[in-house]
Amino acid sequence: MMTQAQFSLEESQLTFLEQCQVYGFQDPSEAVRTALNRLSLDLEQHRSLRESADLYAELYEADRDTQELTDLAIAGWPT
């Protein structure tokens, strides 16, 4: 069962929703649900990538051998 919601839109967003069938959506509600699902997935991926980057940074900081190898590789990198 779907719940109804009321929210404010900018004019350009309303125009898009009025033309949503051109993009293959059955109705504006389907377009909004699709957009929210995609945004939710994108935000979750961003959070996961941030957590992964933080973990790699912690591991790098604790591993002197990796730091030395990185420094050697950077020293040989063309400028």
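Buried here means under 20% relative accessible area, exposed means over 50%, and partly exposed is anything in between (1.4 Å probe, protein chains only). By that yardstick Tyr-23 comes out exposed, because its relative accessible area is 51%. The model is a predicted one, where local features need pLDDT of at least 70 and side-chain atom pairs count only at pLDDT 80 or more, while totals for chains, interfaces and linings use all residues. Residues are numbered from 1 along each chain as its sequence is written, and side-chain values use heavy atoms, with hydrogens and water left out.

Tyr-23 sits in the loop between helix 1 and helix 2; helices are DSSP runs of H or I with at least four residues (strands are E runs of at least two), numbered from the N terminus. Along the chain, Tyr-23 and Arg-38 are 15 residues apart, and their C-alpha atoms are separated by 15 Å.

Before helix 1 (11–18) comes the segment that holds Phe-7. Phe-7 is partly exposed, since its relative accessible area is 49%. Together with Leu-9 and Leu-14, Phe-7 makes up a nonpolar patch on the surface, and the three share about 260 Å² of accessible area. For such patches, residues must have over 30% relative accessible area and no salt bridge; like charges are joined within 9 Å, and nonpolar side chains (Val, Leu, Ile, Met, Phe, Trp, Tyr) within 5 Å. The areas themselves come from the Shrake-Rupley method with a 1.4 Å probe, and for residues only the protein chains shown count as cover.

Next come the charged pairs. Side chains of opposite charge can pair when their charged atoms come close. A salt bridge is called when a side-chain nitrogen of Lys or Arg lies within 4 Å of a carboxyl oxygen of Asp or Glu, and the count by this rule is four. Arg-47 takes part in a bridge to Glu-44, at 2.3 Å from N to O, and in another to Glu-51, where the closest N and O atoms are also 2.3 Å apart. The outcome is a network of salt bridges linking Glu-44, Arg-47 and Glu-51. Both pairs sit within helix 2: Arg-47 and Glu-44 are three residues apart, about one turn of the helix, and Arg-47 and Glu-51 are four residues apart, again about one turn. As for solvent access, Arg-47 is partly exposed at 37% relative accessibility, Glu-44 is partly exposed at 37%, and Glu-51 is partly exposed with a relative accessible area of 44%.

Helix 2 also holds the pair Asp-54 and Arg-50, four residues apart, or about one turn. Their salt bridge has its closest N and O atoms 3.1 Å apart. Asp-54 counts as partly exposed because its relative accessible area is 36%, and Arg-50 gets the label partly exposed at 49%.

Turning to how the helices pack, the axes of helix 2 (residues 28–62) and helix 3 (residues 64–75) come within 5 Å and cross at roughly 95°. Helix 2 is therefore roughly perpendicular to helix 3. On the helix 2 side the contact (heavy atoms within 4.5 Å) involves Tyr-60, Glu-61 and Ala-62, and on the helix 3 side Arg-64, Thr-66, Gln-67 and Thr-70. Axes here are lines fitted to C-alpha atoms, for helices over the stretch in contact, and angles run from 0 to 180 degrees between N-to-C directions. Under 35 degrees counts as roughly parallel, over 145 as roughly antiparallel, 65 to 115 as roughly perpendicular, and the rest as oblique.

Arg-33 is also part of helix 2, and is partly exposed at 34% relative accessibility. From Arg-33 to Thr-66 the sequence separation is 33 residues, and the C-alpha to C-alpha distance in space is 45 Å.
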